[in-house]
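Biologist: I'd like to go through this one with you and ask how each label was earned. Shall we start as soon as it is on the screen?

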Amino acid sequence: MKTYRMTVRGMTCTGCEQHVARALEAIGAKLMDVSFQRGEAVFALPEDTDVDMARQAVKNAHYEPGDIFRLFLG
């Protein structure tokens, strides 16, 4: 799994966090930490999943995906 941090604009509450988390989960994301207060989502994707799918999933959930950075943990 590869871990990413993506900025997400348009989230204003915990309900928004849940919408974004569900959208990411639908493409196989795991270990999600979505925060409207920080305006970001941190998540892990399987090796064979293109990170652009995460951007599209967030857009389809009616939020605005921003920059995505790969995190190297450990």
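Biologist: Why is E40 called buried?

Modeller: Keep in mind that this is a predicted model. Buried means under 20% relative accessible area. E40 has 13% relative accessibility, so E40 counts as buried.

Biologist: And what makes the contact of E40 with R38 a salt bridge?

Modeller: The label needs a side-chain nitrogen of Lys or Arg within 4 Å of a carboxyl oxygen of Asp or Glu. For E40 and R38 the N to O distance is 2.8 Å, so the pair meets that definition. As general background, side chains of opposite charge can pair when their charged atoms come close.

Biologist: Is R38 buried, partly exposed or exposed?

Modeller: Partly exposed: R38 has 48% relative accessibility, and that class lies between 20% and 50%.

Biologist: Which residues are linked with R38 and E40 in a network?

Modeller: R5 and D33 are, so to speak, the other members: salt bridges link R5, D33, R38 and E40 in a network. A search of the whole structure finds six salt bridges.

Biologist: How do you know that E64 and R9 form a salt bridge?

Modeller: Their closest N and O atoms are 3.4 Å apart, and the cut-off is 4 Å, so the pair counts.

Biologist: What makes you say that this pair links distant parts of the chain?

Modeller: E64 belongs to strand β4 and R9 to strand β1, with their positions 55 residues apart in the chain. E64 is partly exposed at 45% relative accessibility, and R9 is partly exposed at 43%.

Biologist: How far apart in helix α2 are D52 and R55?

Modeller: They are three residues apart, which means a separation of about one helical turn. They form a salt bridge too, with 3.1 Å between the closest N and O atoms. D52 has a relative accessible area of 43% and is partly exposed; R55, with 28%, is also partly exposed.

Biologist: Let's turn to the sheet. Why are β2 and β4 called edge strands?

Modeller: The open sheet has four strands in the order β2-β3-β1-β4, with antiparallel pairing. β2 (30-35) and β4 (64-71) each have a single partner strand, so one side of each is left without a neighbour in the sheet. On average, neighbouring strands are turned by 20° against each other, direction ignored.

Biologist: How do you know that β1 and β4 pair?

Modeller: Pairing takes at least two bridges, and six bridges join β1 (residues 2-9) to β4. You can look for V8, which stands opposite P65 in β4.

Biologist: Which strands do the helices touch?

Modeller: Helix α1 (residues 14-25) packs on the sheet and touches β1, β2 and β3 (40-45), its direction making about 155° with that of β2. Helix α2 (residues 51-60) packs on the sheet as well, touching β1, β3 and β4, and its direction makes about 150° with that of β4.

Biologist: What pattern does the chain follow along the sequence?

Modeller: The pattern is β-α-β-β-α-β, from two helices and four strands.

Biologist: What makes the chain as compact as a globular protein of that length?

Modeller: Its radius of gyration is 11 Å, close to the 11 Å that the globule rule gives for 74 residues, so the description fits. Buried residues make up 43% of the chain.

Note on methods. Residues are numbered from 1 along each chain as its sequence is written. This is a predicted model: local features need pLDDT of at least 70, side-chain atom pairs count only at pLDDT 80 or more; totals for chains, interfaces and linings use all residues. Side-chain values use heavy atoms; hydrogens and water are left out. Axes are lines fitted to C-alpha atoms, for helices over the stretch in contact, and angles run from 0 to 180 degrees between N-to-C directions. Contact means heavy atoms within 4.5 Å. Buried means under 20% relative accessible area, exposed over 50%, partly exposed in between (1.4 Å probe, protein chains only). The radius of gyration is taken over C-alpha atoms; the globule rule is 2.2 Å times the number of residues to the power 0.38.
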